[in-house]
Amino acid sequence: MKPEEYSERTIEIEGWPVHLVTYKLDGKYHAKADNVSPGANLARIVADTREEAENKAIERSRELLSRTRRHAV
Amino acid sequence: MAQYAHPEVLVTTAWVAQHGKDNNVRVVEVDVDTKAYDEGHVPGAIAWAWNTQLCDTTVRDILSKVQFQKLMTDSGIRKDTTVIIYGDSNNWFAAWALWQMKIYGHPDVRLMDGGRKKWISEGREMETKANPSTPSETYQASEPDLSIRAFLPQVQEAFKAGNTILIDVRSPQEFTGEILAPPGLPETCQRGGHIPGAHSVPWGKACNDDGTFKSLEQLQSLYGPEGADGSRPVIAYCRIGERSSHTWFVLKYLLGYDNVRNYDGSWTEWGNLVGAPVEKGVAQRAQA
C-alpha cells in the first residue's frame, strides 16, 4: 500500500502554530498535528474521511495547547 | 550529500527503497510518536520505542552497554550490519538512537534523510505488519565513547570557563523562559530560561521543508555566526537530549566538527538544579 493525497499546512490554535499533516493510507485518513518549532506530536487521528480526521486532530491539539501557560520574562 | 563532511552517514529515501531489504541492512524506525510505526512503515523495518527501549527505565540514563548489546542482539543486528534509522519529526529520535549507537561504537549507522515525513510525502510503499527479528549472535559493543556526551559537571565547567559554545536548540519561547515545555506538553522544570551565555539555534532550522538537511553552506551560515564554526568545543542541549542529538549529528557529521557533545541531561536537569544560574529573555550577548 502507498500513502496518497498527502497534504500539510500550518494553522494557529490557541495562539500557537500547529503543523497538520494528512494522508490516506489503506482506505483511512491519517491526520497528525505537531507543535511546529519543537515538533512534538500533539495528536494522531485515523478516520474514514479527511474532514473527520483533521477536525479531531485539531480538537485534541486545542485541548493540549489550552493548558500551556505563558510566563512573564 | 557529497558536500557534507561525512556524507556516508546519510542515505536517501530512494536508496532505502532499493536497499532496505538487503541482507546486511537493517532499517529501524524511531519516532517521537511511538504508535506511528503501527500505522504504516518502511517495508522490512523494525521499531524501537525511545521511552522504553532506548533508555534505562529505572535510572535516568541512556542504555547501559549490556542493555545496548541485548537490543542489538534482539534486533538481529551484527557488528557489520548497516543500520538505517529514520523517524518522525525530521528524525528527532532517530538521531537520538544514532547517537547511542555511536557511543557504543557501531561502525555503520546512518539516517534516512527526510525521515518518515519524506517517505510518506513521496508516496512510497508502506506496510503495517510487524517484522519480527531473528536474534543475531551476541552483539559485542565497544566501551562507551563519552567524548560525544556531556554530563552536568562538564557543562558547569564549560559555563564557568567560557571556552565552549553552548547551543540551546529548543524553541525561542523555551529559550526565553516564556514557556517551560514545548506547547501542549507537561511542564518538566522548575525554572524557565537558558544557561547564561547559550546561543539559541532551534534544531528545526537545520532542516528543509521536506525534512531533509539543509546544504553545507546553509548549515555553516546557520551555526557559524553563533560561534559554532569548528574552532571551539560545542555542547548542544534541549529539554531531554533528543532534539540536541539532532543538532549534535549536524555539527559532528554534516559540518565535521571534532569536538561536539550532546548534553542529554539538558534543561530537565539544569532547570531543576538548585542554585544553577539561569538567564531569562533573549541572550544577553544578542542584546549587546
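Student: What makes G256(B) worth a look, just after helix 9 of chain B?

Tutor: G256(B) takes a positive phi of about 80° there. Helices here are DSSP runs of H or I with at least four residues, strands are runs of E with at least two, and both are numbered from the N terminus. Bear in mind that this is a predicted model, in which local features need pLDDT of at least 70 and side-chain atom pairs count only at 80 or more, while totals for chains, interfaces and linings use all residues. Residues are numbered from 1 along each chain as its sequence is written, and chains are lettered from A and ligands numbered from 1 in the order in which they are written.

Student: How do you know that the span of helix 9 (residues 243-254) of chain B agrees with what is expected?

Tutor: The expected span is 1.5 Å times one less than the number of residues. For the twelve residues of helix 9 of chain B that should give 16 Å, and the end C-alpha atoms are 16 Å apart, so the two agree.

Student: Why is helix 9 of chain B called largely enclosed?

Tutor: A residue is buried if 20 or more other C-beta atoms, placed from the backbone, lie within 10 Å of its own (12 or fewer is exposed, in between is partly exposed). Twelve of the twelve residues of helix 9 of chain B are buried, so the rest of the structure largely encloses this helix. Among them are W248(B), F249(B) and L251(B). The cover includes helix 4 (88-103) and strand 6 (165-168) of chain B.

Student: What makes a set of residues a nonpolar core?

Tutor: The members are buried Ala, Val, Leu, Ile, Met, Phe, Trp, Tyr and Cys residues joined through C-beta atoms within 7 Å. The largest such core has 99 residues, and L251(B) and A97(B) are among those with the most contacts inside it. Helix 4 of chain B gives the largest share, ten residues.

Student: How do you know where this core lies relative to domain 1 (7-143) and domain 2 (147-287) of chain B?

Tutor: Those bounds come from an automatic or database domain assignment. Both domains give residues to the core, so it lies between them.

Student: What makes residues of these two domains count as in contact?

Tutor: Their C-beta atoms, placed from the backbone, must lie within 7 Å. By that rule, 18 residues of domain 1 of chain B are in contact with 17 residues of domain 2 of chain B. Helix 4 of chain B gives the most to the domain 1 side, with ten residues.
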